[in-house]
Amino acid sequence: MVLLHGKNFCGATWESTARALSKAGYRVLIPDQVGFCKSSKPRDAQYSFAMMGEFTNRMMQQAGAPRATIVGHSTGGMLAMHFALMFPDAAERLVLVNPLGLVDRMTQGVPYVPLDKLIATERKKDFAAMKGYQLKTYYHGQWSPRYDRWIEMLAGQYATEDGDAVEIAQAKTAEMILTQPVSQHLWRLKLPVTLMIGMRDTTAFGREQASPAVQARLRPIPEIATEAAAKMPNARLVTFPDYGHSPQVEAPEVFEPRLLDVLASR
């Protein structure tokens, strides 16, 4: 099992899921992608899903795991789809947890924002801003003190004494998500794909930088998941009606048994 984190997360966010999988007998690999968390943040890197996919495949090879089930959350789900297209022999199946990338947001009217402006936006972020965004978008207005750990982990990266390395990496990955779509290739994902969707998620990437008119027509992940699954030759949908963008964080006691059921089915 290879678990891929999202943009506002780290590999450590998978901790409970990884323990459940390990207890069930799976070997689990959890990278922090380049630009995130404990991994390096090269200031001059040109961030791309191809780069992250390549590094993920190298990690698998070095770990003696040439083929695995790829589980991706949010941006990690978008990466998982790119990875499966790049390395079809390395991906046995995909499990996508509230993934980005199911539609091309630029074709829906989300404008390109120059990198310098994205970096300026990242510089303004702090604990309160991050918590406010996730409370509204990820957790449908219901906060648990358990989530503070993950906000502290995210905000702590911005507080490090490494200049703007984190801000630059985060801005470049935001640009990457918008400008490197995968939705036009959904029909090529012929391996088994399961979409595990928290139905109270309001995430619609790019909403904050779009005009009010565009914002009004951007549908969040739960509203586009069924259409996306229909474009994949071998996909099914598993839903969590009471949870949002991160069901594995919000309700591990619900998410983990459902994930194990998915993995047990063929």
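1. A quick definition before we start: Ala, Val, Leu, Ile, Met, Phe, Trp, Tyr, Cys and Pro count as nonpolar, Asp, Glu, Lys and Arg as charged, and the others, Gly among them, as polar. Keep that in mind for the lining of the largest cavity, whose residues divide into twelve nonpolar, two polar and two charged. One more thing to know up front is that you're looking at a predicted model.

2. Let's stay with the empty space inside. The structure holds three cavities of 30 Å³ or more, and the largest cavity has about 130 Å³ of space. It is lined by 16 residues, and those closest to its centre are Leu100, Gly101, Val103, Arg105 and Phe205. If you'd rather find the spot by helix, look for α7 (165–179) and α9 (221–231), as each supplies at least two residues of this lining.

3. Now for the largest pocket, which holds about 650 Å³ of space. Which residues sit closest to its centre? They are Thr121, Glu122, Lys125, Tyr133 and Glu208, out of 27 residues that line the largest pocket. By class, this lining has 13 nonpolar, nine polar and five charged residues.

4. Which helices build the wall of the largest pocket? At least two lining residues come from each of α4 (115–123), α5 (127–137), α6 (148–158) and α7. The helix that gives the most is α5, with four residues. You've met α7 already, since α7 also supplies at least two residues of the lining of the largest cavity.

5. Two of those pocket helices, α5 and α6, also pack against each other, at an angle of about 135 degrees and with their axes 9 Å apart. Why do they count as oblique? Angles over 145 degrees would be roughly antiparallel and 65 to 115 roughly perpendicular, so an angle outside the named ranges is called oblique, and α5 and α6 are therefore oblique to each other. Their crossing is right-handed.

6. Here's who touches whom in that pair. On the α5 side you'll find Phe127, Met130, Lys131 and Gln134, and they meet Asp148, Ile151, Glu152, Leu154, Ala155 and Tyr158 in α6. Sorted by class, the contact of α5 with α6 has six nonpolar, one polar and three charged residues.

7. Next, go to the pair α1 (residues 15–23) and α11 (residues 252–264). These helices pack at an angle of about 45 degrees, and their axes are 10 Å apart. That angle makes α1 oblique to α11, and α1 passes α11 in a right-handed crossing. From α1 come Ser16, Thr17, Ala20 and Leu21, while α11 brings Pro252, Phe255, Glu256, Leu259, Leu260 and Leu263. The contact of α1 with α11 counts seven nonpolar, two polar and one charged residues.

8. Last pair: helix α2 (residues 49–62) and helix α3 (residues 75–86). They pack at about 75 degrees, with their axes 9 Å apart, which makes α2 roughly perpendicular to α3. The α2 side of the contact is made by Phe49, Ala50, Met52, Gly53, Glu54, Thr56, Asn57 and Met60, and the α3 side by Thr75, Met78, Leu79, His82, Phe83 and Met86. In total, the contact of α2 with α3 has eight nonpolar, five polar and one charged residues.

Definitions and conventions
Residues numbered from 1 in each chain as written. Predicted model: local features only at pLDDT ≥ 70, side-chain atom pairs only at ≥ 80, totals over all residues. Heavy atoms only, no water. Axes fitted to C-alpha atoms, helices over the stretch in contact; angles between N-to-C directions. Parallel < 35°, antiparallel > 145°, perpendicular 65-115°, else oblique. Left-handed = near helix turned anticlockwise from the far one by under 90°. Contact = heavy atoms within 4.5 Å. 1 Å grid on protein atoms, 1.4 Å probe; cavity = no way out; pocket = protein on both sides within 12 Å on 5 of 7 lines; lining within 4 Å. Points joined across faces, edges and corners; volume = space filled by probe spheres on them.
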